[in-house]
Amino acid sequence: MARYHLHLFNDIDIIDEEGRDFPDLPAAEVEAVRSARDVIADHILSGRPVCLHHRMEIADAGGTVLKVIAFQDVVRFEP
Amino acid sequence: MSKAAALPDQEELMPNGHPAFRPFLRRLLQRSVLNEEEQQAILSLNGREVEIEPHRDIVRPGELTDFSCLVVSGMAARFGQLRDGQRQITAIHVPGDMCDLYSLMLPKVEWALQALSARLTIVKVAHRDLLELVRTYPAIGEAFWRDTTADGSIVAQWVVSVGRRDARMRTAHLFCEIGVRMERAGLGRRTDFDLPAIQTQLADALGMTPVHMNRVIRSLRQDGLLILKGREVQIPDWDALAATGQFDGGYLEMDMAPLARL
């Protein structure tokens with residue numbers, strides 16, 4: 001287990017100061033994707049715009065950003 | 001959980017009953033009329049006091065139990081779980097609540113109990129003691145029935161929340177509900193109380209990811225509706241938060257005037 005911080009940069013930014021334990025980085029990524037989709041879904045349901053450049057960042061305990069997940073990477077629109 | 005662990009040890013029994021049954025009696029009396037003898041019978045109940053470690057389940061899904069759990073301090077939760085481990089919390093229990101009084105009638109169910117707070121103390125009370133009480137005093141049986149009915153009315157509100165209230169309404173509604181319940185349990189005021197819940201588990205109660213929940217809580221704070229400082233909850237404008245959550249405490253107040261005995 002290692003501690004990862006999942007920060008949200010949205011119309012409201014949420015800095016995850018406490019962090020959470022995950023088995024590894026891929027497990028933290030799964031949670032970050034799930035979180036981004038959850039936030040996007042709420043924007044859509046309430047009719048607020050979704051900014052595709054908004055993002056989740058995964059940082060390690062020392063504050064180094066290990067992974068950036070943009071909203072555009074977790075949703076797909078097809079014509 | 002072995003059977004031996006579920007039953008109170010003789011040496012741990014307190015001669016005049018465990019003090020944790022006093023808030024339980026207080027809760028019952030908010031809904032039911034019990035005479036002096038019946039009240040004494042509840043206060044004389046005993047059980048095994050147990051500290052639950054964080055992230056430990058008290059009763060696992062599908063486990064057969066021979067005890068019910070009374071919350072002494074901290075918070076407990078009832079949950080259902082998917083195969084991949086995702087949980088939905090279906091009820092939150094505060095001190096004085098007997099979280100699984102239903103297990104007296106249904107000792108094996110697919111829902112289960114976990115700690116909601118990092119620190120949780122419960123008293124496990126043997127079903128055989130509760131059954132004896134119910135058989136000796138029909139009014140206590142009625143009181144237990146009302147208690148589980150009241151819990152059922154909360155679950156019905158939660159279904160409405162998860163199914164129809166959006167994230168913001170749902171969060172506002174839950175904080176209003178817990179505030180009223182803490183106040184009624186004599187643990188603070190509805191506008192100012194301690195919520196020792198672990199964040200990820202509170203999110204499991206709201207059916208959201210913790211990130212999304214924190215975003216909603218922040219937005220409620222920006223609007224001056226809800227302030228969280230660690231485990232301390234402050235609600236600066238009760239009416240405004242209640243309006244946001246379309247919270248109407250009627251489902252909790254069904255018991256403000258104890259009903260006459262059957």
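**Exercise 1. The overall form of chain A**

Which radius of gyration would a compact globule of 79 residues have, and what does chain A have?

Solution. The model is predicted.
- Step 1: for 79 residues, a compact globule would have a radius of gyration near 12 Å.
- Step 2: chain A has 13 Å, which agrees with that value.
- Step 3: taken along the principal axes, the box filled by the C-alpha atoms of chain A is roughly 40 × 25 × 15 Å.
- Step 4: of the 79 residues of chain A, 20% are buried.

**Exercise 2. The elements of chain A**

State how many helices and strands chain A has, and give their order.

Solution.
- Step 1: chain A contains one helix and four strands.
- Step 2: along the sequence these elements of chain A follow the pattern β-β-α-β-β.
- Step 3: take the contacts in chain A between residues at least 6 apart in sequence; 46% of them join residues at least 24 apart.

**Exercise 3. Where chain A touches chain B**

Find which elements of chain A give two or more residues to the side that touches chain B.

Solution.
- Step 1: the contact involves 13 residues of chain A and 11 residues of chain B.
- Step 2: on the side of chain A that touches chain B, the elements giving two or more residues are β1 (2–9) and α1 (25–45) of chain A.
- Step 3: α1(A) supplies the largest share of this side, six residues.
- Step 4: sorted by class, this side of chain A has six nonpolar, three polar and four charged residues.

**Exercise 4. The two sides of a helix**

Determine which residues of helix α3 (residues 36–43) of chain B are buried, and why they lie on the same side.

Solution.
- Step 1: the buried residues in α3 of chain B are E38(B), A41(B) and I42(B).
- Step 2: these residues cover an arc of only 95° around the axis, so they are on the same side of α3(B).
- Step 3: a general rule fits here: an α-helix has 3.6 residues a turn, so residues three or four places apart point the same way.
- Step 4: exposed residues E36(B) and E37(B) are carried by the face of α3(B) turned away from its buried side.
- Step 5: the cover over the buried residues of α3(B) includes α2 (21–29), α4 (127–136) and α5 (138–164) of chain B.

**Exercise 5. Two domains and a shared core**

Work out where the largest nonpolar core lies with respect to the two domains of chain B.

Solution.
- Step 1: the domain assignment divides chain B into domain 1 (10–155) and domain 2 (166–252).
- Step 2: the C-alpha centres of these two domains of chain B are 24 Å apart.
- Step 3: in chain B, 19 residues of domain 1 are in contact with 14 residues of domain 2.
- Step 4: on the side of domain 1 that touches domain 2, β4 (76–81), β5 (87–93) and α5 of chain B each supply at least two residues.
- Step 5: the largest share of that side, four residues, comes from β5(B).
- Step 6: by class, the same side of domain 1 has 11 nonpolar, six polar and two charged residues.
- Step 7: the largest nonpolar core has 65 residues, and L70(B), A76(B), I122(B) and F175(B) touch the most other members.
- Step 8: helix α6 (residues 167–184) of chain B gives the most to this core, seven residues.
- Step 9: both domains of chain B give residues to this core, so it lies between them.
- Step 10: apart from this core lies another, of 13 residues, among them Y4(A), L6(A), M56(A) and F71(A).

**Exercise 6. The surroundings of I89(B)**

Decide whether I89(B) is buried or exposed.

Solution.
- Step 1: I89(B) is part of strand β5 of chain B.
- Step 2: a residue counts as buried if 20 or more other C-beta atoms lie within 10 Å of its own.
- Step 3: I89(B) has 21 C-beta neighbours inside 10 Å, so it counts as buried.
- Step 4: outside its neighbours within four places in sequence, I89(B) is in contact with A77(B), R78(B), F79(B), Q201(B), D204(B) and A205(B).

**Exercise 7. An unusual backbone angle**

Locate Q246(B) and describe its phi.

Solution.
- Step 1: the loop between α9 (238–245) and α10 (250–253) of chain B contains Q246(B).
- Step 2: Q246(B) is not a glycine, yet its phi is positive, about 45°.
- Step 3: with 14 other C-beta atoms within 10 Å, Q246(B) is partly exposed.

Definitions and conventions: Residues are numbered from 1 along each chain as its sequence is written. Chains are lettered from A and ligands numbered from 1 in the order in which they are written. This is a predicted model: local features need pLDDT of at least 70, side-chain atom pairs count only at pLDDT 80 or more; totals for chains, interfaces and linings use all residues. A residue is buried if 20 or more other C-beta atoms lie within 10 Å of its own, exposed if 12 or fewer, and partly exposed in between; C-beta atoms are placed from the backbone. The arc is that of the directions from the helix axis to the C-beta atoms. Two residues are in contact if their C-beta atoms, placed from the backbone, lie within 7 Å. Ala, Val, Leu, Ile, Met, Phe, Trp, Tyr, Cys and Pro count as nonpolar, Asp, Glu, Lys and Arg as charged, and the others, Gly among them, as polar. A nonpolar core is a set of buried Ala, Val, Leu, Ile, Met, Phe, Trp, Tyr and Cys residues joined through C-beta atoms within 7 Å. Domain bounds come from an automatic or database domain assignment. The radius of gyration is taken over C-alpha atoms; the globule rule is 2.2 Å times the number of residues to the power 0.38.
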